Amino acid sequence: MMSVSFDRDAATAGCCADCGQLVMRRTPLSDEQAKVMRELCIRCLVFAYQRRQFESGCCG
């Protein structure tokens with residue numbers, strides 16, 4: 001399970017923890033399974049939500 005931190009001050013410029021691209025804004029994402037906080041770009045954040053929604057695969 002992952003959750004987004006909605007603290008607007010925590011969103012910073014830098015490298016995305018997932019894809020490694022340098023971006024102007026990253027959103028903190030808490031991964032409760034791994035017990036880590038990662039900062040992701042919007043593209044990787046969308047993919048993380050998609051992976052969470054379809055974690056059993058596209059065939060259910």
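Buried means under 20% relative accessible area, exposed means over 50%, and partly exposed is in between (1.4 Å probe, protein chains only). Keep that handy for these exercises.

The model is predicted, so local features need pLDDT of at least 70 and side-chain atom pairs count only at pLDDT 80 or more, while totals for chains, interfaces and linings use all residues. Residues are numbered from 1 along each chain as its sequence is written, and side-chain values use heavy atoms, with hydrogens and water left out.

**Exercise 1: The layout**

Work out how many helices and strands the protein has, and in what order they run.

*Solution.* Step one is the rule: helices (H or I, at least four residues) and strands (E, at least two) are DSSP runs, numbered from the N terminus. Step two is the count, which gives one helix and five strands. Step three is the order: starting at the N terminus, you read β-β-β-β-β-α. As for burial, 28% of the 60 residues count as buried.

**Exercise 2: The hairpin of S4 and S5**

Find the sense in which S4 and S5 pair, and over how many bridges. Then decide whether S4 is enclosed or open.

*Solution.* Start with the rule that two strands pair if DSSP finds at least two bridges between them. S4 and S5 have five bridges, in the antiparallel sense. Now pick out partners in S5: Pro28 is bridged to Glu39, and Ser30 to Met37. Between the two strands sit four residues, and in this hairpin Lys35 takes a positive phi near 55 degrees.

Next, look at burial. Five of the five residues of S4 are buried, so the strand is largely enclosed by the rest of the structure. Check each side: Thr27, Leu29 and Asp31 cover one, Pro28 and Ser30 the other, and all are buried.

**Exercise 3: Following Arg26**

Say where Arg26 sits, and whether it is buried or exposed. Then list some of what its side chain meets.

*Solution.* First, the place: Arg26 is in the loop between strand S3 (22-23) and strand S4 (27-31). Second, the burial: its relative accessibility is 13%, so it counts as buried.

Third, the polar contacts. A polar contact is a pair of N or O atoms within 3.5 Å; within protein, one must be able to donate a hydrogen and the other to accept it, and residues adjacent in sequence count only if both atoms are side-chain atoms. The side chains of Arg26 and Thr12 make one at 2.8 Å. A polar atom of the Arg26 side chain also lies 3.3 Å from the backbone oxygen of Ala13.

Fourth, the charges. Side chains of opposite charge can pair when their charged atoms come close. The cut-off for a salt bridge is a side-chain nitrogen of Lys or Arg within 4 Å of a carboxyl oxygen of Asp or Glu. Arg26 and Glu39 form one (2.7 Å, N to O). This pair links distant parts of the chain, since Glu39 is in strand S5 (residues 36-40) and Arg26 in the loop between S3 and S4, 13 residues apart. Glu39 is partly exposed, at 24% relative accessible area.

**Exercise 4: The other salt bridge**

Given that there are two salt bridges, explain what the pair of Arg51 and Asp18 ties together.

*Solution.* Begin with the distance: their side chains meet at 3.5 Å, N to O. Then place the partners: Arg51 lies in helix H1 (residues 42-53) and Asp18 in the loop between strand S2 (14-15) and S3, so the pair ties together parts that are 33 residues apart in sequence. Finally, check exposure: Arg51 is partly exposed at 45%, and Asp18 is partly exposed at 37%.

**Exercise 5: Cysteines and the core**

Explain why Cys44 has no bond to Cys16, then name the residues of the largest nonpolar core.

*Solution.* A disulfide needs two cysteine sulfur atoms within 2.5 Å. The structure holds zero of them. For Cys41, the nearest cysteine sulfur is that of Cys44, 3.7 Å away. For Cys44, the closest one is in Cys16, at 3.7 Å, which is too far for a bond.

Both residues are tucked away: Cys41 is buried at 6%, and Cys44 is buried at 3%.

Now the core, defined as a set of buried Ala, Val, Leu, Ile, Met, Phe, Trp, Tyr and Cys residues joined through side-chain atoms within 4.5 Å. The largest has eight residues: Cys16, Val23, Leu29, Leu40, Cys41, Cys44, Leu45 and Ala48. H1 gives the largest share, three residues. One core member, Leu45, is in helix H1 and is buried at 8% relative accessibility.
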